[in-house]
Amino acid sequence: MAFVTEEQIQQFHEDGFLVLEEFFTTEECDAMREQIHKIIAKMDVPPHCRTEFSTSEEEQLKAQGSADYFLTSGDKIRFFFEKGVFDEKGDFSVPKEKSINKIGHALHAYDPIFKQITHSSKVQELGRKLALEKPVVVQSMYIFKQPGIGGEVRPHQDATFLYTEPLGRVLGLWIALENATQENGCLWFIPGSHTNGITRRMVRAPPGTIPCTQFIGSERTYQDSQFIPVPICKGGLILIHGEVVHKSELNSSERSRHVYTFHLMEAKDTSWSKENWLQPTPELPFSPLYT
């Protein structure tokens with residue numbers, strides 16, 4: 001892994017994101033992919049979990065929010081599916097490893113391989129370089145971006161979903177487990193867009209309400225020309241400020257774009273919003289990054 005320089009940290013503060021190529025080894029990436037294969041092989045999808053995942057706001061609310069399955073996934077390893085992968089009986093209409101949009105949100109806590117990667121010495125070292133005093137891991141996801149059907153993710157800021165007071169305390173680490181290109185749906189960013197706060201929040205609705213999350217405020221309108229593509233090779237890591245605007249396009253290629261991503265919060269002098277969909281639980285409080 002390349003040593004992270006002061007210039008790179010400076011660049012991160014200017015742009016709101018930072019690309020660190022070759023942060024993880026090919027072997028580490030392959031170990032994560034193999035582990036996910038094992039998890040999928042054992043996956044038994046109960047009928048009530050056949051929840052589709054979508055990015056259009058209405059569908060996102062309906063599919064994710066209305067499902068208690070999503071709201072209670074913060075301290076579990078759970079499966080979220082692409083649209084149209086189940087037939088009318090609720091059985092898979094495609095091979096099951098091709099059906100999944102993502103697995104979340106506690107791989108970092110319960111899976112030995114993902115736990116090891118999340119708390120690896122190089123990630124801890126990066127946290128110290130960023131002057132994080134009490135970073136905690138709030139969630140993790142394995143994202144598949146399936147070939148041909150891996151949907152677009154519209155422009156958003158992570159702090160919309162993971163809100164803190166003050167802002168500026170949430171950080172995403174996004175690890176490419178295979179090459180991410182413009183063809184298979186790499187990330188796009190608006191450099192410097194992390195300094196304008198946020199205009200939209202996803203919050204828990206009152207208990208018993210359907211859908212069980214709702215949006216307050218609305219997303220700003222962005223022009224395509226503001227975004228720059230950020231392709232990255234297998235093993236690379238992208239550091240993502242909680243308020244930087246980013247998106248990814250549909251994967252129209254024949255190659256998947258697997259990613260392991262997790263979010264850190266600087267817990268020192270920070271309050272995690274009680275209205276966030278994701279809440280620490282007695283079973284799984286947010287775990288300290290530094291071991």
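**Figure 1. Surroundings of isoleucine 238 in strand S12 of the predicted model.** Beyond its neighbours within four places in sequence, isoleucine 238 is in contact with Phe17, Leu18, Val19, Gly172, Leu173, Trp174, Leu187, Phe189, Val230 and Ile232. The relative accessible area of isoleucine 238 is 0%, so this residue counts as buried. One of the contacting residues, Gly172, is 66 residues away along the chain, and the C-alpha atoms of isoleucine 238 and glycine 172 are separated by 8.0 Å.

**Figure 2. Salt bridge between aspartate 30 and lysine 234.** The closest N and O atoms of aspartate 30 and lysine 234 are 2.7 Å apart. Aspartate 30 belongs to helix H2 (residues 26-42), whereas lysine 234 is found in the loop between strand S11 (228-230) and strand S12 (237-241); the pair therefore ties together parts that are 204 residues apart in sequence. Aspartate 30 is partly exposed, with a relative accessibility of 26%. Lysine 234 is likewise partly exposed, at 28%. The structure holds 10 salt bridges, and further examples are shown in the next two views.

**Figure 3. Salt bridge between arginine 33 and glutamate 178.** Here the closest N and O atoms are 3.1 Å apart. The pair links distant parts of the chain, with arginine 33 in helix H2 and glutamate 178 in the loop between strand S7 (170-176) and strand S8 (187-189), 145 residues apart. Arginine 33 has a relative accessible area of 22% and is partly exposed. Glutamate 178, by contrast, has a relative accessibility of 10%; because residues under 20% count as buried, glutamate 178 is assigned to that class.

**Figure 4. Salt-bridge network of Asp224, Lys247 and Glu249.** Lysine 247 forms a salt bridge with glutamate 249, and their closest N and O atoms lie 3.0 Å apart. Salt bridges with shared partners join Asp224, Lys247 and Glu249 into one network. Within this network, lysine 247 is buried, at 7% relative accessibility, while glutamate 249 is partly exposed, with a relative accessible area of 29%.

**Figure 5. Lining of the largest cavity.** The structure holds 1 cavity of 30 Å³ or more. The largest cavity encloses about 60 Å³ of space. Its lining comprises 13 residues, and those closest to the centre are Gly74, Val138, Leu284, Pro285 and Phe286. By residue class, the lining of the largest cavity consists of 7 nonpolar, 5 polar and 1 charged.

**Figure 6. Lining of the second largest pocket.** This pocket contains about 260 Å³ of space. Of the 16 residues that line the second largest pocket, Leu130, Leu132, Gly168, Arg169 and Glu266 lie nearest its centre. At least two lining residues come from each of helix H1 (6-15), S7 and strand S14 (259-266). The most is given by S14, which supplies 3 residues of the lining. The lining of the second largest pocket divides into 8 nonpolar, 3 polar and 5 charged residues.

Definitions and conventions
Residues numbered from 1 in each chain as written. Predicted model: local features only at pLDDT ≥ 70, side-chain atom pairs only at ≥ 80, totals over all residues. Heavy atoms only, no water. 1 Å grid on protein atoms, 1.4 Å probe; cavity = no way out; pocket = protein on both sides within 12 Å on 5 of 7 lines; lining within 4 Å. Points joined across faces, edges and corners; volume = space filled by probe spheres on them. Nonpolar A, V, L, I, M, F, W, Y, C, P; charged D, E, K, R; others polar. Salt bridge = Lys/Arg side-chain N within 4 Å of Asp/Glu carboxyl O. Helix = DSSP H or I, 4+ residues; strand = E, 2+ residues; numbered from the N terminus. Buried < 20%, exposed > 50% of the residue type's maximum accessible area, 1.4 Å probe, protein only. Contact = heavy atoms within 4.5 Å.
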